[in-house]
Structure formats: C-alpha cells, structure tokens
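Here is a friendly walk through one protein chain, going from its interior out to its surface. Please have the coordinates open as you read.

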Amino acid sequence: QFQLVESGGGLVQAGGSLRLSCAASGSIFSISAMGWYRQAPGKQRELVAAIYTGVNTKYADSVKGRFTISGDNARNTVYLLMKSLKPEDTAVYYCNAVGGSSPFEYLEVWGQGTLVTVSS
C-alpha cells in the first residue's frame, strides 16, 4: 500500500496563485496516473487535472489556461500550480493516484484533502 500527503492549500485573494503538492510514499511499484480533484460545499467531487505516466495531461474546462499540473516521477510527486484564482475555485482539493505495490496490483488512493479558499 502507499499513501498520499498533500500540502500547499490556504487562503488567497482572487487573482492570486497557489501551488499544491502531493507526494506518494510507502510501498510503490508503479504509479500510472496522479491527479487533483476538488469538492466545494454542496457539490460533487470533480476532476480538476490529471497527469498520466508523467506526461499526458487532462484538465477541467473551468481551469484550462489557469492551472498547470506537473509531475516528478523520481519523487512520485505531483504539483498543481493554480493561477488567476477565482472565488469559485474555493474547495477542498484531493490528490488521487492510481498504482500499486506490485506488478499485479491496481489501486486508487486518495489523499486527506487540502482546503483552498479564494476571497473576493
């Protein structure tokens, strides 16, 4: 099993920037994808951005051009650089990873979440 630890959330004014980090640790054979989801009060959890095998990326339409996801394969870490933040970006952001501790293991793991609050 492996775990995810997130950091970097906080309070920022609209138009500002934040960078979230998520590091995977524990017994890791491989990680095929890492991503960020968010959940605002009263709303469903939604995909924000994902990176696959450290190269291919996917973004929600609402964050395209403002958020950038990147990965450090050697450190099993993923980053989310968020620019031009808007009040509607306020949510708990969760890191997600798909991988396993052996060649035959396929797990989806979630971090504990980090709160991002954007004030107007």
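Let us begin with Leu-80. Leaving out residues up to four places away in sequence, Leu-80 touches Leu-18, Arg-19, Leu-20, Trp-36, Val-48, Ala-49, Phe-67, Thr-68, Ile-69 and Tyr-93. Please keep in mind that this is a predicted model.

**The nonpolar core**

Leu-80 belongs to the largest nonpolar core, which has 28 residues. Together with Leu-4, Trp-36, Met-82 and Tyr-93, Leu-80 is among the members that touch the most other members. Many strands feed this core: β1 (2-7), β3 (18-26), β4, β5 (46-52), β7, β8, β9 (91-100) and β11 (114-119) each supply at least two residues. As a general background, nonpolar side chains tend to be buried together in soluble globular proteins.

**Two buried residues in strands**

Thr-114 is found in strand β11. With a relative accessible area of 11%, Thr-114 counts as buried, because the cut-off for that label is under 20%. The side chain of Thr-114 reaches the backbone nitrogen of Gly-9 at 3.3 Å. Gly-9 is also on the list of residues that Thr-114 touches, along with Glu-6, Leu-20, Trp-36, Ala-91, Val-92 and Tyr-93, once residues up to four places away in sequence are set aside. Two of these names, Trp-36 and Tyr-93, are also in the group of core residues that touch the most other members.

Ala-50 lies in strand β5, and Ala-50 is buried too, with a relative accessible area of 5%. Beyond its neighbours within four places in sequence, Ala-50 is in contact with Met-34, Gly-35, Asn-56, Thr-57, Lys-58 and Ile-69. The C-alpha atoms of Ala-50 and Leu-81 are separated by 12 Å, with these positions 31 residues apart along the chain.

**The largest pocket**

Which residues lie closest to the centre of the largest pocket? They are Ile-31, Met-34, Thr-53, Gly-54 and Asn-73, out of 13 lining residues. The pocket holds about 150 Å³ of space. Met-34 links this region to the previous section, since Met-34 is also a contact of Ala-50.

Strands β4 (30-39), β7 (67-72) and β8 (77-82) each give at least two residues to the lining, and the largest share, four residues, comes from β4. By type, the lining has five nonpolar, seven polar and one charged residue.

**A buried arginine in a loop**

Is Arg-66 buried or exposed? Arg-66 is found in the loop between β6 (56-59) and β7, and Arg-66 is buried, with a relative accessible area of 11%. The side chain of Arg-66 makes a polar contact with the side chain of Asp-89 at 2.8 Å. The Arg-66 side chain also reaches the backbone oxygen of Ser-62 at 2.9 Å. Apart from neighbours within four places in sequence, Arg-66 is in contact with Leu-81, Met-82, Lys-83, Ser-84, Leu-85, Lys-86 and Asp-89.

**Loops and the end of the chain**

Ser-84, one of the contacts of Arg-66, lies in the loop between β8 and β9. Phi of Ser-84 is near 50 degrees, a positive value in a residue other than glycine. Asn-76, in the loop between β7 and β8, likewise has a positive phi, near 50 degrees.

Glu-88 also lies in the loop between β8 and β9. The C-alpha atoms of Glu-88 and Ala-14 are separated by 9.5 Å, although the two are 74 residues apart along the chain.

Ala-14 comes up again with Ser-120, which is found in the segment after β11. With neighbours within four places in sequence left aside, Ser-120 is in contact with Ala-14 and Pro-87. The C-alpha atoms of Ser-120 and Leu-4 are separated by 31 Å, and these residues are 116 residues apart along the chain.

The table gathers the accessibility of these four residues.

| Residue | Relative accessible area | Class |
|---|---|---|
| Asn-76 | 23% | partly exposed |
| Ser-84 | 41% | partly exposed |
| Glu-88 | 55% | exposed |
| Ser-120 | 87% | exposed |

Methods. Residues numbered from 1 in each chain as written. Predicted model: local features only at pLDDT ≥ 70, side-chain atom pairs only at ≥ 80, totals over all residues. Heavy atoms only, no water. 1 Å grid on protein atoms, 1.4 Å probe; cavity = no way out; pocket = protein on both sides within 12 Å on 5 of 7 lines; lining within 4 Å. Points joined across faces, edges and corners; volume = space filled by probe spheres on them. Nonpolar A, V, L, I, M, F, W, Y, C, P; charged D, E, K, R; others polar. Core = buried A, V, L, I, M, F, W, Y, C linked by side-chain atoms within 4.5 Å. Buried < 20%, exposed > 50% of the residue type's maximum accessible area, 1.4 Å probe, protein only. Contact = heavy atoms within 4.5 Å. Polar contact = N/O pair within 3.5 Å; in protein donor to acceptor, adjacent residues only side chain to side chain.
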